[in-house]
Amino acid sequence: MLQQTQVKTVIPYFKVFLNNFPTLKSLSLSNETRVLKLWEGLGYYRRARNLLATSKIIVNEHDSKLPKNLIDIKKLPGIGDYTANALLAFIYEHPTIAIDGNVKRVFSRILNKNEKKINFDKLIEINKKNLFKVKRNSDFVEALMEFGALICKPKEPKCYNCNIKNMCKYFKSDKKFKQTKTLKTKEKKYNIFCYIDKMRNKIALTKKNNLGFLDKFYLPPIKESNSNKKIKNWNFHSNFKNSISNKKLNINLYFKFTLKIPTQHKWFSLKKNNEFIPSFTKKILKQISKIN
Ligand code: SF4
């Protein structure tokens, strides 16, 4: 839940989730509809699907225990290098480091070197003896993350309060390296088409959008567009911006009234639905339901 999402947003979801699934086994016996319903509003729904799939694999193939080696952990859905290393450190105290942006920044500052020029695997291997001195590697990994987030921050690191400033080349050097600026994500234009059954207050949604994000979830038909031209035979409703899965969307919302359901679509209420629909779709429903 914490991937790309702040702790304060996650807490209420986490509590409800654990009340529903107090054990790995109970989660593994559940189904996607139920898990997604509990995840509704948290976004990045692939995480929920992966979590459910992973719980089934761990229960059925690993006797309900997380594998103890990197290769097997990385075979689990949704678990890449970073999460695998974090799990090995947190759960098994393995001598390993989960390298994210914060940790890379800390090391690159200590060395006063652009992170692109550092081979982190090699750096860890060479310094193994010094890095993994104690058996509490979970605390070490956690501390590195917190240190990067709270002290060696991206902007204005708190060098004067830093306990390792005497060994930090960035702090001591007159020639501080320059961090590479992260490129801003380009905005993309999309047209969204809402088929409305005005009498019944319903909208047609489809899972067939093939956009790479919100794949297999119910959305109105959405298409990438290169122009600002209004679309023939559709009523323009509004323009709005939205960010989703690190993508910036500039959306033109169109609608038309119809009684006929298009193929591969399903009617949903514009007000309240029991079936799971992502927050992105809910936002559209809210806007479009104001049509008179
Ligand atoms: S001295 Fe400053 S730059 Fe160096 S590790 Fe500490 S906070 Fe980061």
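Where does the ligand sit? In this predicted model, the ligand occupies the largest cavity.

**Confidence.** The protein chain has a mean pLDDT of 90, and 99% of its residues reach 70 or more. Among the elements of the chain, helix α2 (residues 24–28) has the highest mean pLDDT, 96. The lowest, 85, belongs to helix α9 (residues 128–131).

**The ligand site.** Around the ligand stand R109, F147, I151, C152, P157, C159, C162, K165, C168, Y170 and F171. By class, this shell divides into 9 nonpolar and 2 charged residues, with no polar ones.

The structure holds 1 cavity of 30 Å³ or more. Of the 15 residues lining the largest cavity, F147, C152, C159, C162 and C168 are the closest to its centre. These five also appear among the residues around the ligand. Two helices, α7 (101–111) and α11 (169–172), each give at least two residues to the lining of the largest cavity. The largest share comes from α7, with 3 residues.

**The largest pocket.** Which residues are the closest to the centre of the largest pocket? They are M1, L2, L51, T83 and L87, out of 33 that line the pocket. The elements that supply two or more lining residues here are α1 (7–20), α2, α4 (46–61) and α6 (81–92). Helix α4 provides the largest share, 7 residues. Helix α2, one of these contributors, is also the element with the highest mean pLDDT.

The table sets out the two spaces by volume and by the class of their lining residues.

| Space | Volume | Nonpolar | Polar | Charged |
|---|---|---|---|---|
| Largest cavity | about 120 Å³ | 12 residues | no residues | 3 residues |
| Largest pocket | about 1300 Å³ | 22 residues | 9 residues | 2 residues |

**Aromatic pairs.** A search of the whole structure finds 15 aromatic pairs. A pair of aromatic rings is described by the distance of the centres and the angle of the planes. One of the pairs joins Y160 and F171: the ring centres are 5.6 Å apart and the planes lie at 80 degrees, so the pair counts as edge-to-face, the cut-off for that class being over 60 degrees. Y160 belongs to the loop between α10 (137–150) and α11, while F171 is in helix α11. The two residues are 11 residues apart, and their pair links distant parts of the chain. F171 is also one of the residues around the ligand, and its helix, α11, supplies at least two residues of the lining of the largest cavity.

Conventions:
Residues are numbered from 1 along each chain as its sequence is written. This is a predicted model: local features need pLDDT of at least 70, side-chain atom pairs count only at pLDDT 80 or more; totals for chains, interfaces and linings use all residues. Side-chain values use heavy atoms; hydrogens and water are left out. A residue is near a molecule or strand if one of its heavy atoms lies within 4 Å of it. On a 1 Å grid over the protein atoms alone, a cavity is a set of points where a 1.4 Å probe fits but cannot get out, and a pocket is an open set with protein on both sides within 12 Å along at least five of seven lines; lining residues have an atom within 4 Å of a point. A molecule sits in a cavity or pocket if more than half of its atoms lie within 2 Å of its grid points. Ala, Val, Leu, Ile, Met, Phe, Trp, Tyr, Cys and Pro count as nonpolar, Asp, Glu, Lys and Arg as charged, and the others, Gly among them, as polar. pLDDT is the predictor's confidence in each residue, from 0 to 100. Helices (H or I, at least four residues) and strands (E, at least two) are DSSP runs, numbered from the N terminus. Grid points are joined across faces, edges and corners, and a volume is the space filled by probe spheres set on the points. Rings of Phe, Tyr and Trp (its six-membered ring) pair if their centres lie within 6.5 Å; planes under 30 degrees apart count as stacked, over 60 as edge-to-face and the rest as tilted.
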